[in-house]
Amino acid sequence: MNQNIWVISVQDFFTKKMLTYALAPFFFTLIVIYSIFFSAASAGLDSMEQSIQIEQSHTTIENGIPHTESTTAVYSGDNAFLRFLMEYSLTSWLVSFFVFTIGGMLMFIVAIFSAVLIIGFLTPMIIRELQRRHYPQIELQGHGNAFTALFHSLKYVIVTFVLLILFIPLYFIPLVNIVAFNLPFYYLFHKFYMLDVGTTIMVKEEYKQMMYFKGNKVRMTTLVLYALSLIPFAALITPVFNVIVLGHTVMRHKQEQLKLEA
């Protein structure tokens with residue numbers, strides 16, 4: 001059990017069960033969100049195309065007999081840019097390109113955040129798996145309930161927004177602005193993960209004791225995890241890895257306390 005936490009966390013992460021926890025929520029949300037997006041986008045573009053085609057059709061009456069003709073609208077004027085945009089085929093291609101490209105990127109980001117939220121509900125299962133594999137002598141007691149978790153979460157979000165506002169003058173100072181911008185988000189990152197993991201493993205008094213004696217070590221760990229999460233596309237897999245690392249950190253502290261009491 002003297003194995004380095006980071007080494008054992010990487011080994012645990014690359015097990016079949018943990019990889020399933022890491023990737024399944026993302027790909028599930030990705031498929032659902034993209035299916036909804038492309039269906040809605042295609043329907044919207046088809047509707048726009050039909051409306052334009054109707055506008056390009058007109059009916060005339062000759063000798064009391066109606067005749068419907070389809071014509072291509074020709075727009076004239078001094079503004080070459082407007083004439084360019086009003087060509088239907090080009091306008092359709094441009095609209096489709098921006099809708100599917102920009103919209104697709106936004107949906108990818110939404111899928112990431114949705115997966116992170118889903119993984120939050122998987123934390124107890126991840127912790128139980130770690131406990132079964134490495135800490136069978138430890139009892140997962142936990143503390144708090146849904147109400148207290150919601151209360152603390154809202155408190156952390158409010159503090160984060162307050163910090164973002166207070167740090168506005170620092171955003172205009174080179175290099176300092178990097179720290180000033182990331183500090184509130186690191187605070188939220190640290191609080192959310194420790195709330196998630198700590199309340200699953202320890203009772204309230206144990207958690208307070210750990211943060212009093214080992215708080216700086218825990219903060220250094222979450223700081224490294226936060227830095228890893230900033231790597232492009234790392235957010236696809238880091239949530240489960242973060243829970244694994246912090247799960248080992250908290251359970252090892254609990255294990256040390258049990259040895260001292262024995």
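Which helix holds both E129 and R132, and how many residues apart are they? Both lie in helix α4, 3 residues apart, which is about one turn of the helix. Keep that pair in mind; the tour returns to it after an overview. The model is predicted.

**Whole chain**

Start with a cartoon view of the protein chain, which has 8 helices and 2 strands. Read from the N terminus, the order of elements is α-α-β-β-α-α-α-α-α-α. Of the 262 residues, 32% are buried. Among contacts with a separation of 6 or more, 76% join residues 24 or more positions apart. Switch to a surface view: about 16,500 Å² is exposed, and carbon and sulfur atoms supply 70% of that area.

**Salt bridges**

The count of salt bridges is 5. Select E129 and R132 and show side chains: the two meet in a salt bridge at 2.7 Å, N to O. R132 is exposed, with a relative accessible area of 54%, whereas E129 is buried at 10%.

Add K17 to the selection. Its side chain meets that of E129 in a salt bridge at 3.3 Å, N to O. K17 lies in helix α2 (residues 16-55) and E129 in helix α4, so this pair ties together parts that are 112 residues apart in sequence. K17 is partly exposed, at 38% relative accessible area. K17, E129 and R132 are thus displayed together, and they are linked in a network of salt bridges.

Now select R133 and D12. Their side chains form a salt bridge at 3.1 Å, N to O. R133 is in helix α4 (residues 88-134) and D12 in helix α1, so the pair ties together parts that are 121 residues apart in sequence. R133 counts as partly exposed at 38% relative accessibility, while D12 counts as buried at 1%.

**Aromatic pairs**

The chain has 11 aromatic pairs. Select F13 and F241: this pair is edge-to-face, with 6.0 Å from centre to centre and 90 degrees between the planes. F13 lies in helix α1 (residues 5-13) and F241 in helix α8 (residues 238-261), so the pair ties together parts that are 228 residues apart in sequence. Both F13 and F241 are buried.

Next, select Y186 and Y226. Their ring centres are 5.9 Å apart and their planes are at 70 degrees, so this pair is edge-to-face. Y186 is in helix α6 and Y226 in helix α7 (residues 204-229), 40 residues apart. Both Y186 and Y226 are buried.

Return to F13 and F241 and add W6 and F14: these four residues form one aromatic cluster.

**N242**

Select N242, which is in helix α8. N242 is buried, with a relative accessible area of 1%. Its side chain makes a polar contact with the side chain of Y193 at 3.2 Å. Leaving aside residues up to four places away in sequence, N242 touches F189, Y193, L225 and S229.

**L175 and the surface patch**

Which loop holds L175? L175 sits in the loop between α5 (146-166) and α6. Its phi is near 70 degrees, a positive value in a residue other than glycine. L175 counts as exposed at 67% relative accessibility.

Finish by selecting L175, I178, V179 and L183, which make a nonpolar surface patch of about 410 Å². I178 of this patch is found in helix α6 (residues 176-201).

How values were computed:
Residues numbered from 1 in each chain as written. Predicted model: local features only at pLDDT ≥ 70, side-chain atom pairs only at ≥ 80, totals over all residues. Heavy atoms only, no water. Patch = residues over 30% accessible without salt bridge, like charges linked within 9 Å, V, L, I, M, F, W, Y side chains within 5 Å. Areas by Shrake-Rupley, 256 points an atom, 1.4 Å probe, with all protein chains shown as cover. Salt bridge = Lys/Arg side-chain N within 4 Å of Asp/Glu carboxyl O. Helix = DSSP H or I, 4+ residues; strand = E, 2+ residues; numbered from the N terminus. Phe/Tyr/Trp six-rings, centres within 6.5 Å; stacked < 30°, edge-to-face > 60°. Buried < 20%, exposed > 50% of the residue type's maximum accessible area, 1.4 Å probe, protein only. Contact = heavy atoms within 4.5 Å. Polar contact = N/O pair within 3.5 Å; in protein donor to acceptor, adjacent residues only side chain to side chain.
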